[in-house]
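Here is my note on the model, as numbered points. Please read it with the coordinates open.

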Amino acid sequence: MDKEDRITADLKYHYCSMAVFKSIIENKELWLCNARHSSDSYELQYIIHIAKKMKENREISPEQYNEIDKFYKDLQGYITCFSKKANLLSQWRGYADDGKGFSVGFYWDLMRDGDYLRLLEDSQMYFEPVKYIDKNLDVIKNFIKGFDEKNGLWGHWNKMVYWLEQYTWKADFFKEEDEVRLIYIPTKNKGYKIDSEILSKMEFRQTQGKISPFFRLKFKTERISRIIIGPKNNITVDEVKLFLMASGFDETSIDIEKSKIPYC
C-alpha cells in the first residue's frame, strides 16, 4: 500500500508525551498495561458497580452478585488506547502532556493481521471500539441478568465475551474521545510466559505507587502512517523526519504535520 492510501485509510491515533513518543519510535513497540492500574480503572469496574446496586435493589440475588464479583477479581487484561480522532483538544490535554506531545496514527487493518493472532495460542487479543453507555443502563443490566449463577457462565455469552465487554464499556461522558482499545487477555498457563519477536513476556514497572505488570508489543514500521505534532510542542516537522529516519523508518511514507488547534 502506498503513502496516499495508508494516510487516507482508517487510522487510529495514540496520543502520548514526547518521552513516550521517543520510546515508541526507537523501540518500535507499544506497551500493553494492566487495565486496573490505568487512568480509566474506575470505568473498567463499571459492571461490578452496577451489579452491586442491582443486588441492593434485589434485581439480582446475592449469589449472582458473588459469582460476578469473583469473576471480576480473577479478571486480568492489558490495554493500550487509541482514538478515532486525530487532533482532539481533550486528548491533547489528557494524554499528550497538555499538548506538548504527539498523536501517532496507526493503520487499522495492519493492527488486525495474522502476526498477532498466531502468537497467542489460547490467549486472546482484540482491537475493539469503546461502547459508551448513557444514563439508561438497561444494556448493562440485561447483560448482568444473563449470568448463570450455577456455573459462572453467561446464558448466551461465553466467558471470553464477558472479559471483552468489561474492557469496552465506558460512561457516555467520555464519548467525545471516540476511543478504541487494543486488549490482550492472557491465560494463566501460557499467556504470561510468551516471549516472541512480537510480544514480550510479562515485565514490571513502578507507577502510581505500585509495581504494575505490562507487556511490550512490537510493530512493523509501516504500521505508522501519520504523526501530528501537539499544539504546544516546539519540535519541527524536519526534526521529526530526521528522528524517524535515524530510527529506521521511511520518513517519506509518513504524513507529518503540526496541529493547528489554537491552544496555549
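1. Start in the core with I185. At 0% relative accessibility, I185 counts as buried (buried means under 20% relative accessible area, exposed over 50%, partly exposed in between, with a 1.4 Å probe and protein chains only). I185 sits in strand β10. Its C-alpha atom is 6.2 Å from that of M125, and the two residues are 60 apart along the chain.

2. A word on the basis. This is a predicted model, in which local features need pLDDT of at least 70 and side-chain atom pairs count only at pLDDT 80 or more, while totals for chains, interfaces and linings use all residues. Residues are numbered from 1 along each chain as its sequence is written, and side-chain values use heavy atoms, with hydrogens and water left out.

3. Overall make-up. The protein has nine helices and 14 strands. Both are DSSP runs numbered from the N terminus: helices are H or I with at least four residues, strands are E with at least two. Of the 264 residues, 48% are buried. The accessible surface is about 13,400 Å², and carbon and sulfur atoms hold 50% of it. Areas come from the Shrake-Rupley method with a 1.4 Å probe; for residues, only the protein chains shown count as cover.

4. Contacts along the chain. A contact means heavy atoms within 4.5 Å. Among contacts with a separation of 6 or more, 79% join residues 24 or more positions apart.

5. The largest pocket. Its volume is about 820 Å³. The residues closest to its centre are H14, Y15, C33, T80 and Y95, out of 31 that line the pocket. Elements that give two or more residues to the lining are β1 (11-16), α2 (18-27), β2 (29-34), β3 (78-83), α5 (89-95) and β11 (203-207). The lining divides into 12 nonpolar, 14 polar and five charged residues. Here Ala, Val, Leu, Ile, Met, Phe, Trp, Tyr, Cys and Pro count as nonpolar, Asp, Glu, Lys and Arg as charged, and the others, Gly among them, as polar.

6. How the pocket was found. The search uses a 1 Å grid over the protein atoms alone; a pocket is an open set of points where a 1.4 Å probe fits, with protein on both sides within 12 Å along at least five of seven lines, and lining residues have an atom within 4 Å of a point. Grid points are joined across faces, edges and corners, and the volume is the space filled by probe spheres set on the points.

7. Aromatic pairs. The whole structure holds 10 of them. Rings of Phe, Tyr and Trp (its six-membered ring) pair if their centres lie within 6.5 Å; planes under 30 degrees apart count as stacked, over 60 as edge-to-face and the rest as tilted. Y15 and W92 form an edge-to-face pair, 5.1 Å centre to centre with 80 degrees between the planes. Y15 is in strand β1 and W92 in helix α5, 77 residues apart, and the pair links distant parts of the chain. Both residues are buried.

8. A second pair. The ring centres of Y184 and F215 are 5.1 Å apart and the planes stand at 90 degrees, so this pair is edge-to-face. Y184 belongs to strand β10 (residues 179-185) and F215 to strand β12 (residues 210-218), 31 residues apart. Y184 and F215 are buried. Ring pairs also link F82, F106, F127 and F219 into a cluster.

9. What surrounds L30 in strand β2? L30 is buried, with a relative accessible area of 3%. Leaving out residues up to four places away in sequence, L30 touches H14, I24, T80, F82, F106, F215, R216, L217 and F219. L30 and T80 are 50 residues apart in sequence and 7.5 Å apart in space, C-alpha to C-alpha.

10. L89, by contrast, is partly exposed, at 26% relative accessible area. L89 lies in helix α5. Beyond residues up to four places away in sequence, L89 touches I261 and Y263. The C-alpha atoms of L89 and G230 are 9.5 Å apart, with their positions 141 residues apart in sequence.

11. Backbone points to check. K28 is not a glycine, yet has a positive phi of about 55 degrees. K28 is in the loop between α2 and β2 and is partly exposed at 21%. D98 also has a positive phi, near 55 degrees, and is a residue other than glycine. D98 lies in the loop between α5 and β4 (102-107), partly exposed at 28%.
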